[in-house]
Amino acid sequence: MLATSELGMSFGKKRLFEDVSVEFSPGNCYGLIGANGAGKSTLLKILSGDIESTEGRIIKDKKTTISVLKQNQFEFDEYKVIDTIIMGNKALYECYAERNRIYALPEMSEDDGLKVAQYEADYSEMDGYEKEADAASMLDELGIDSSKHELLMNQLDASEKVRVLLAQALFDSPDVLLLDEPTNQLDYKTTLWLEEKLTDYENTVLVVSHDRHFLNKVCTHIADVDFGKVKIYPGNYDFWKQSSELAHRQQEEKNKKSEQKIKELEEFVRRFSANASKSKQATSRKKLIDKLTPEELPESVRRSPFIQFKPNRKCGTKIVTVNNVSHAIDGVPVLTDVSFTINAGDKVALTGMQSLSKTTLLQILAEEITPDSGSVEWGETITHTYFPKDNNTYFSSETSLLDWLKKYDETLDLQTLRGYLGRMLFSGDDALKKVNVLSGGERARAMFARMMLLEGNTLVFDEPTDHLDLEAISSLNDGLNQFPEVLIFSTHDFELLHTVANRIIEVSPKGMVDYSGSFEDFVNHDVFKKKVAQIS
Ligand SMILES: Nc1ncnc2c1ncn2[C@@H]1O[C@H](COP(=O)(O)OP(=O)(O)OP(=O)(O)O)[C@@H](O)[C@H]1O
Ligand SMILES: [Mg+2]
């Protein structure tokens, strides 16, 4: 079992939550939700023992095993795939690794022999061999066949590594499984696999996600981080949404009624407090007023940023032309013979099942990488700005957010910079925060501020909604709808695809399909369905 007692967390003056006493029980899957920057990742880190809370404590049995989905794809580069998974169970891995170390010695002493016999016995006792077989079959389910199990992690591609890390987290069914936005990095098939695993999971799961569909599928409970608290509600996301809105409305109604009553009582007190015969009544009504003071509705941290991109100038006639671009990564093709010309007013959604193909094409357009063959020619009137899928390199320093933004336009004064940050919900001291502590959603907002400041007339986005809360997603949707010039973006957000795109370019390692029209028409178009099937 896992619980918290009067848990509180602050960073300096900023308090994320306080007095949180909640329990997470086996068999339940808790969807941890809340605004960007509310403290979800921080709570997971406290529960896993990664960082300490400023108040209160965690209650758990000594035996409780907790497993965390690792975010750093490179962490296990020097280890074999199968070993990386077994590391999911620390005790078992120690025994396994020691045993293998001794076996690998050129010569074994008598002492080594005794030790290894003991490790063997312990390993069997812990069902090591069965678990090793389980690990292998989990890898197979995830599409990593046995020829790869003995490879080093650094020999796998990024998507395979993510799947191995997922298998590591789930290995040997830990008592508590902690997942922080797992679906962002997963392909569609793996997401379905995870949904199934979580639905059947017999122990405790806490999963942070901004994806309503995913939350509705897997969660038995919702843990909402807001109003300086963490509150648990039974039911899935939609149920939470409806019931929390209802509760909020009821509280507002109650407050309205109290306010009306208070007005009447105050009127009575005002009229009769000087009147000796009524003064007793007036005093008792005064007491009643105190009792009726409406409960203060606590302030939510859910707020909407104001995302608006203004181009520095209109695009000229030539925007960008892509000529016969092909590219491979580690010898494996990701793009083949991609050619297209972007026209004024194009809002291009880049689609396709292989996210690597889309990301690579966007990186080539952003001139971050040069293709193996072919070329990209940008028009002279074009300023293109880029929102990468992985923004780690932008946020590794300890500079303050304000200084960080200033770097992108040294001529801007403090007030203007603060204006950009304020619209992205960084006001007051928040603008002085070090960029390396920003949460996932805060980083995305900082990147929007940077793009707004750069005033590009062609905006390139790779999965901009990945870390955003619902408020920010809908602001981004508005911002993109109102952008008058050219957009090229990839997204798994259906609303963005449906409302923003007027041209679809589907890419795969085998080729491309180019369609002028809405996403809806594209997916329902018989001829284009066939064309897409040919490159899938
Ligand atoms: N070491 C730190 N020092 C100061 N502030 C911090 C530190 N670590 C995190 N924060 C701040 O605490 C807040 C909560 O961060 P956290 O990463 O838990 O948010 P989150 O709920 O996971 O948000 P997101 O949905 O964007 O991932 C953020 O405002 C973040 O900037
Ligand atoms: Mg987070």
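Two strands count as paired when DSSP finds at least two bridges between them. Keep that in mind for the first stop. The model on your screen is predicted.

**Stop 1: the hairpin at the start of the chain**

Select strand E1, residues 2–11, and strand E2, residues 14–20. The two run antiparallel and are joined by four bridges. Phe11 sits opposite Lys14 of E2. Two residues lie between the strands of this hairpin. Click on Gly12: its phi is positive, near 60 degrees.

Stay on E1 and add strand E3, residues 23–24. E1 and E3 pair antiparallel, with two bridges. Ala3 has Glu23 of E3 as its bridge partner.

Now add strand E5, residues 55–60. E1 pairs with E5 too, in the antiparallel sense, over five bridges. Look for Gly8, which faces Glu55 of E5.

**Stop 2: a six-stranded sheet**

Next, show the open sheet with strand order E6-E7-E8-E4-E9-E10. Its pairing is mixed. Which strands lie at the edges? They are E6 (66–68) and E10 (229–234), and each pairs on one side only. From one strand to its neighbour the turn averages 20 degrees, direction ignored.

Zoom in on E7, residues 176–180, and E8, residues 204–208. These strands run parallel, joined by five bridges. Leu178 is matched with Leu206 in E8.

Bring helix H1 into view: H1 packs on this sheet. H1 touches E4 (29–34), E6, E7, E8, E9 (221–226) and E10. The direction of H1 makes about 150 degrees with that of E7.

**Stop 3: a second six-stranded sheet**

Move along the chain to the open sheet ordered E15-E16-E17-E13-E18-E19. Here the pairing is mixed. E15 (384–387) and E19 (511–516) stand at the edges. Each has a single partner strand, so one side of each is left without a neighbour in the sheet. The twist averages 15 degrees from one strand to the next.

Pick out E16, residues 458–462, and E17, residues 486–490. They pair in the parallel sense, with five bridges. Thr458 stands across from Val486 of E17.

**Stop 4: the ligand**

Select ligand 1 and the residues around it. How many residues surround ligand 1? The shell holds 18 residues, and the closest are Asn36, Ser41, Thr42, Ser439 and Gly441. Colour helix H1 (40–48) and helix H14 (440–454): each supplies at least two residues of this shell. H1 is the helix you met at stop 2, packed on the sheet.

Colour the shell by residue class. You will find 10 polar, five nonpolar and three charged residues around ligand 1.

**Stop 5: a helix pair**

Two packed helices are described by the angle between their axes and the distance between the axes. Select H3, residues 90–103, and H4, residues 110–125. Their axes come within 9 Å and cross at roughly 145 degrees. The crossing of H3 and H4 is left-handed.

Show the side chains at the contact:

- From H3: Cys95, Tyr96, Glu98, Arg99, Ile102 and Tyr103.
- From H4: Asp112, Lys115, Val116, Tyr119, Glu120, Asp122 and Tyr123.

What classes of residue make up this contact of H3 with H4? Seven are nonpolar and six are charged, with no polar ones.

**Stop 6: the domains**

Zoom out to the whole protein chain. The domain assignment gives domain 1 as 74–174, domain 2 as 240–291 and domain 3 as 320–535. Colour each range separately. To finish, compare domain 1 with domain 3: their centres, taken over C-alpha atoms, are 39 Å apart.

Definitions and conventions:
Residues are numbered from 1 along each chain as its sequence is written. Chains are lettered from A and ligands numbered from 1 in the order in which they are written. This is a predicted model: local features need pLDDT of at least 70, side-chain atom pairs count only at pLDDT 80 or more; totals for chains, interfaces and linings use all residues. Domain bounds come from an automatic or database domain assignment. A residue is near a molecule or strand if its C-beta atom, placed from the backbone, lies within 6 Å of it. Ala, Val, Leu, Ile, Met, Phe, Trp, Tyr, Cys and Pro count as nonpolar, Asp, Glu, Lys and Arg as charged, and the others, Gly among them, as polar. Axes are lines fitted to C-alpha atoms, for helices over the stretch in contact, and angles run from 0 to 180 degrees between N-to-C directions. A crossing is left-handed if the near helix is turned anticlockwise from the far one by less than a right angle, and right-handed if clockwise. Two residues are in contact if their C-beta atoms, placed from the backbone, lie within 7 Å.
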